[in-house]
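Here are some exercises to work through with the model open beside you. Try each task before reading its solution.

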Amino acid sequence: MARTRNHRAREYLVGYLFVSPWLIGFLAFTLWPFLQSIYLSFTRYNIVSPAKWVGGANYRMLLTEDPLFWHSAWVTIRFALVFVPLGIVIGVGLALLLNVEVKGMAIFRTIFYLPSIVPTVATSVLFIWILNPNIGLVNRMLELIGVKGPAWLKTAPWAAHSLVLMALWGVGGSMVIYLAGLKDIPQYLYEAATIDGANALRKLRHITLPMMTPVIFFNLIMGIIGAFQYFTQAYVMTPNGGPEQSTYFYSLYLYNRAWKYVDMGYASAMAWMLFLVIVITTALVFRTQRKWVHYGG
């Protein structure tokens, strides 16, 4: 019995030794900064000087004295309200089109998926050229049909729309997940519907979409989290928040507070506000799943 316990203890020790690099990295670079940021959010800290405890002053300033906080929050929410629903509709639509079994379909699936694996910075630089008002590809194509294109990233009404357009260009990542969900739908459901005389539209409405709701729910959650943390594209394409701060996203403002103004305490408070908003929003969406998400055949 003692020999068995010793053997198991050695197995556990070997296992922990194998995962120790990850554990050390998690504790040092994830858990410790996570906990430290809670403390820093209640301090005034500029990296150079020691942190000074200020209690809830950072949060009070955020909610009552900082108009940029509310402006950046509204820019982010507005982006999420447009991008997330459009991303779901376009992703599902593409998956339905690419689910048809025809010759060469694998090539089309690859073409639509490729934009999602291109590095974000490279994509942003590419779209700066594509959306250039003078030499950009989009405005050149619009000129061919007699339409004068707007100054996409140079005017307030169009700058935010440009970022939505670029985000939708990478919808192929979610499209692959939707496509996998379509492949998982049992064929006998469609066969039974055909026997009952259901047409393609009825099959889509009563079989395909209900069976896809778990996948749609997953992409909805991931889309909301991603939209609230939208940063890189706005930083590269509109580094100062765009014209009239129309693309001054919350994460961009947080970055500026932390590294431009070196106000780490205030930035930590902003990060925790963002964390709470994401948790609450996600929890509310989870509460709705009982009404529209269907599991099982």
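**Exercise 1. The domains**

What distance separates the centres of domain 1 and domain 2, taken over C-alpha atoms?

*Solution.* Keep in mind that this is a predicted model. Start with the division of the protein: domain 1 covers 1-30, and domain 2 covers 63-292. Next, take the centre of each domain over its C-alpha atoms; domain 1 and domain 2 then have centres 41 Å apart.

**Exercise 2. Salt bridges**

Find how many salt bridges there are, and work out which residues are linked in a network.

*Solution.* Step one is the principle: side chains of opposite charge can pair when their charged atoms come close. The cut-off to apply is a side-chain nitrogen of Lys or Arg within 4 Å of a carboxyl oxygen of Asp or Glu. The count is three salt bridges.

Step two is to go through the pairs:

- Glu101 pairs with Arg109, at 3.8 Å from N to O.
- Glu101 also pairs with Lys183, at 2.6 Å from N to O.
- Arg257 pairs with Asp263, at 2.9 Å from N to O.

Step three is to look for a shared residue. Glu101 bridges to Arg109 and to Lys183, and these residues, Glu101, Arg109 and Lys183, form a network of salt bridges. Glu101 sits in the loop between α3 and α4 (105-113) while Lys183 is in helix α8, so their pairing ties together parts 82 residues apart in sequence.

Step four is the surroundings. Glu101 is exposed, at 61% relative accessibility, and Lys183 is partly exposed, with 44%. In the pair of Arg257 and Asp263, Arg257 is buried at 18%, and Asp263 is buried as well at 12%.

**Exercise 3. A lysine without a partner**

Which side chain of opposite charge is nearest to Lys203, and how far away is it?

*Solution.* First, place the residue: Lys203 belongs to helix α10 (residues 200-228). Second, look for its opposite charge: the nearest such side chain is that of Glu191, 9.7 Å away. A salt bridge needs a nitrogen and a carboxyl oxygen within 4 Å, so a distance of 9.7 Å does not qualify. Lys203 is therefore buried without a salt bridge. Third, see what does touch Lys203: setting aside neighbours within four places in sequence, its contacts are Tyr190, Ala193, Thr194, Ala198 and Thr208.

**Exercise 4. The largest pocket**

Which element gives the most residues to the lining of the largest pocket?

*Solution.* Begin with the volume of the largest pocket, about 720 Å³. Its lining has 26 residues, and those closest to the centre are Phe83, Ala167, Gly170, Val171 and Gln233. Then sort the lining by element: α3 (67-98), α5 (120-130), α7 (156-169), α8 (172-183), α10 and α11 (232-237) each give two or more residues. The largest contribution is from α10, with five residues.

**Exercise 5. Positive phi**

Where do Ile47 and Glu244 lie, and how exposed is each?

*Solution.* Recall the background: most residues other than glycine have a negative phi. Now take the residues in turn. Ile47 has a positive phi, near 75 degrees, and lies in the loop between β1 (43-44) and β2 (52-53). At 42% relative accessibility, Ile47 is partly exposed. Glu244 has a positive phi of about 55 degrees and is found in the loop between α11 and α12 (250-260). Its relative accessible area is 71%, so Glu244 counts as exposed.

How values were computed. Residues are numbered from 1 along each chain as its sequence is written. This is a predicted model: local features need pLDDT of at least 70, side-chain atom pairs count only at pLDDT 80 or more; totals for chains, interfaces and linings use all residues. Side-chain values use heavy atoms; hydrogens and water are left out. Domain bounds come from an automatic or database domain assignment. Helices (H or I, at least four residues) and strands (E, at least two) are DSSP runs, numbered from the N terminus. Buried means under 20% relative accessible area, exposed over 50%, partly exposed in between (1.4 Å probe, protein chains only). Lys and Arg count as positive and Asp and Glu as negative; His and the chain ends are not counted. Contact means heavy atoms within 4.5 Å. On a 1 Å grid over the protein atoms alone, a cavity is a set of points where a 1.4 Å probe fits but cannot get out, and a pocket is an open set with protein on both sides within 12 Å along at least five of seven lines; lining residues have an atom within 4 Å of a point. Grid points are joined across faces, edges and corners, and a volume is the space filled by probe spheres set on the points.
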